[in-house]
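This briefing covers a predicted model. Notes on folding, packing and backbone geometry follow, grouped by topic.

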Amino acid sequence: MGAPVFRPVRAKLLAGLLHPGVKPTLFALALLPFLALAWGAYTHQLGANPAETLIRETGDWALRFLCITLAITPMRVVLGLPPLVRLRRMVGLFTYFYGGLHLLTYAWFDMGFDAAEIVRDIAKRPFILVGFLSFLILTPLAATSFNRAVKSLGARRWQALHKSVYLIAGLVLLHFFWMRAGKNDFNEVAAYAAILTVLLGWRFARWWREPRSPSAPMRPTLSP
Amino acid sequence: MLIKTHRDGFIHPVASEITPQSVYHARRDMLRLLASGGAGVALAGWAQRDARAQMVQRPGKLAALPAVRSNVDGAATMEKSTDYKDASTYNNFYEFGTDKSDPARLAGKFQPTPWTVEVEGLVRKPARYAIEDLLKLSAQEERIYRLRCVEGWSMVIPWIGYSLSKLIERVEPLGSAKYVEFHTAADPKTMPGLSASMLEWPYVEGLRMDEARHPLTLLAFGMYGEVLPNQNGAPLRLMTPWKYGFKSGKSIVRIRFTEKETRTSWTRSAPTEYGFYANVNPNVDHPRWSQATERRIGEDGLFAKRRKTLMFNGYESQVGQLYAGMDLRKFY
């Protein structure tokens with residue numbers, strides 16, 4: 001960030017990020033995978049097993065958006081681009097959107113919306129349980145993403161709650177790992193594990209380095 | 001009075017006994033209705049079974065492989081065959097990549113000819129067969145089998161080949177031969193998936209001798225009236241329709257008769273997930289997915305319910321006795 005060569009680039013990026021068109025553009029881009037899948041399903045272009053394609057693709061996109069969400073703060077700090085934080089909520093909500101579609105397509109196409117069958121499946125298969133838990137934990141985060149919620153919770157409690165995204169990252173990775181363990185096929189899992197390790201590792205390193213006064217609590221507490 | 005003479009030749013019936021043309025046609029219509037499904041799916045299948053056997057359309061992609069109808073019990077399911085396009089583009093053949101679209105995309109360099117198959121081990125007459133000789137070893141039959149993948153999907157495929165037992169008889173197994181191993185091709189130059197290390201290559205599968213000798217166990221050389229595409233296991237593969245698909249090795253190069261149970265590739269790689277027998281069984285679940293139901297590729301629409309998986313993939317009456325008295329939960 002300090003290197004002079006990057007300064008003009010950064011200045012342009014800063015100006016660009018403040019442009020009013022940034023959010024609508026990002027929204028449209030983030031919706032593209034969904035539109036592509038919907039169009040593919042409608043025109044029968046999702047291959048021999050469209051249900052499987054839909055379930056897998058929505059899961060992949062949820063994981064990708066989770067990685068992008070978690071990348072925003074490190075990028076903001078490392079590249080010195082504060083306005084990036086304006087985009088975090090939207091990317092986070094798209095994570096929830098694709099995660100919700102993932103759950104919906106599974107419940108619909110694999111389970112035929114049979115509630116009893118779904119409950120049995122969650123109880124029976126650990127990787128389904130872990131995926132389901134991730135979605136449950138993500139729900140209050142999506143529900144408290146609005147300004148009013150931040151205000152009524154208080155910044156500290158809100159932040160403590162939203163730190164559970166780190167737990168979600170771990171659970172989602174375990175979900176993916178367990179799914180692929182059936183075929184002993186870990187290449188993609190390893191790629192996402194590496195990305196998430198970097199993103200969470202950066203946070204840990206920052207937390208480790210930051211000066212702490214002995215009286216201050218190590219972690220934000222839940223009491224106001 | 002009616003006087004019969006030879007010259008009359010033919011006794012004309014009275015007019016009232018002649019079936020009116022419209023009634024005659026109505027009967028034909030009824031038969032046609034039967035065949036077209038108006039009288040219930042089960043009966044329609046029966047009525048159509050001859051038509052079905054000839055209905056498999058050659059896709060016109062590869063060399064034709066003529067075949068006769070099979071007399072083996074269970075050799076021709078009456079269900080609708082999966083589209084050739086689906087059967088030849090949605091494949092698990094990890095030597096070409098782990099994505100199910102990989103084999104169709106990446107198997108182009110693979111050379112199914114020339115090809116030889118080594119038949120060895122505990123047999124009186126070990127031999128090395130050229131593919132041309134194997135093709136002629138017995139009459140090629142069409143066998144329309146259900147194929148159930150361990151992943152929970154299924155197809156119906158018209159294979160061409162003959163019972164493996166025909167080959168087994170030729171090589172005369174010794175009394176000590178209890179199992180048959182199938183080793184498949186592993187050529188790093190033409191099989192890009194071999195760089196992945198999820199399995200030990202070459203891929204090895206195995207059957208118990210009585211399973212291998214069962215008439216339904218097919219040595220397949222073709223499908224849909226043509227030779228096998230590379231991605232489906234050219235030039236020859238195994239097909240045991242009552243077992244999960246991975247039991248049926250593709251592009252076989254070696255058949256070995258042994259005394260000991262085969263340590264198959266999947267049982268070596270993930271012993272908690274896959275067993276030696278791998279019989280289709282809706283009551284024994286895979287740890288990662290239920291085996292109670294399946295999705296029939298191409299046939300069940302996106303919104304259709306999955307269909308119930310049948311014991312031994314619907315071949316229980318033919319193969320059930322092979323496992324009499326065995327605990328199928330233990331020997332999965």
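In chain B, 39% of the 332 residues count as buried. Chain B has 13 strands along with 10 helices. Of the contacts in this chain between residues at least 6 apart in sequence, 70% are between residues at least 24 apart.

**Contact between the chains**
- Chain A contributes 16 residues to the contact and chain B contributes 18 residues.
- On the side of chain B that touches chain A, five residues are charged, six are polar and seven are nonpolar.

**Nonpolar cores**
- The largest nonpolar core is made up of 67 residues.
- The residues with the most contacts inside this core are B:Ile157, B:Trp159, B:Leu218, B:Leu219, B:Ala220 and B:Met223.
- Strand E5 of chain B, residues 153-163, gives the largest share of this core, with six residues.
- Outside its neighbours within four places in sequence, B:Leu218 has contacts with B:Arg143, B:Trp159, B:Gly161, B:Ser163, B:Leu164 and B:Met239.
- Another core, of 22 residues, lies apart from the largest one and has A:Phe94, A:Ala169, A:Leu196 and A:Leu199 among its members.

**Helix packing in chain A**
- Helix H2 (residues 22-42) of chain A packs with helix H4 (residues 85-110) of chain A; their axes are 11 Å apart and the angle is about 15 degrees.
- Angles under 35 degrees count as roughly parallel, so H2(A) is roughly parallel to H4(A).
- The crossing of H2(A) with H4(A) is right-handed.
- From H2(A), the contact involves A:Lys23, A:Leu26, A:Phe27 and A:Ala30, and from H4(A) it involves A:Leu87, A:Met90 and A:Phe94.
- By class, the residues of this contact are six nonpolar and one charged, with no polar residue.
- A:Phe94 takes part in this helix contact and is also among the residues of the 22-residue core.

**A buried arginine**
- B:Arg256 sits in strand E11 of chain B, which spans residues 252-258.
- B:Arg256 counts as buried because it has 20 C-beta neighbours inside 10 Å, and the cut-off for a buried residue is 20 or more.
- Beyond its neighbours within four places in sequence, B:Arg256 has B:Glu120, B:Gly121, B:Glu181 and B:His183 as contacts.
- B:Arg256 and B:Cys149 are 107 residues apart along the chain, and 25 Å separates their C-alpha atoms.

**Cis peptide bonds in chain B**
- The peptide bond between B:Thr113 and B:Pro114 is cis, with omega about -5 degrees.
- B:Pro114 belongs to the loop that runs between helix H5 (102-106) and strand E2 (116-121) of chain B.
- B:Trp201 and B:Pro202 are also joined by a cis peptide bond, where omega is about -5 degrees.
- The loop between strand E6 (179-184) and strand E7 (204-208) of chain B holds B:Pro202.

**Positive phi at non-glycine residues**
- B:Phe312 is not a glycine, yet its phi is positive, at about 50 degrees.
- This residue, B:Phe312, is in the loop between strand E13 (307-308) and helix H10 (316-319) of chain B.
- B:Phe312 is buried because 22 other C-beta atoms lie within 10 Å.
- B:Asn313, which is not a glycine either, has a positive phi of about 55 degrees.
- The loop between E13 and H10 of chain B also contains B:Asn313.
- B:Asn313 has 25 C-beta neighbours inside 10 Å and therefore counts as buried.

Terms used: Residues numbered from 1 in each chain as written. Chains lettered and ligands numbered in written order. Predicted model: local features only at pLDDT ≥ 70, side-chain atom pairs only at ≥ 80, totals over all residues. Contact = placed C-beta atoms within 7 Å. Nonpolar A, V, L, I, M, F, W, Y, C, P; charged D, E, K, R; others polar. Helix = DSSP H or I, 4+ residues; strand = E, 2+ residues; numbered from the N terminus. Buried ≥ 20, exposed ≤ 12 C-beta atoms within 10 Å, placed from the backbone. Axes fitted to C-alpha atoms, helices over the stretch in contact; angles between N-to-C directions. Parallel < 35°, antiparallel > 145°, perpendicular 65-115°, else oblique. Left-handed = near helix turned anticlockwise from the far one by under 90°. Core = buried A, V, L, I, M, F, W, Y, C linked by C-beta atoms within 7 Å.
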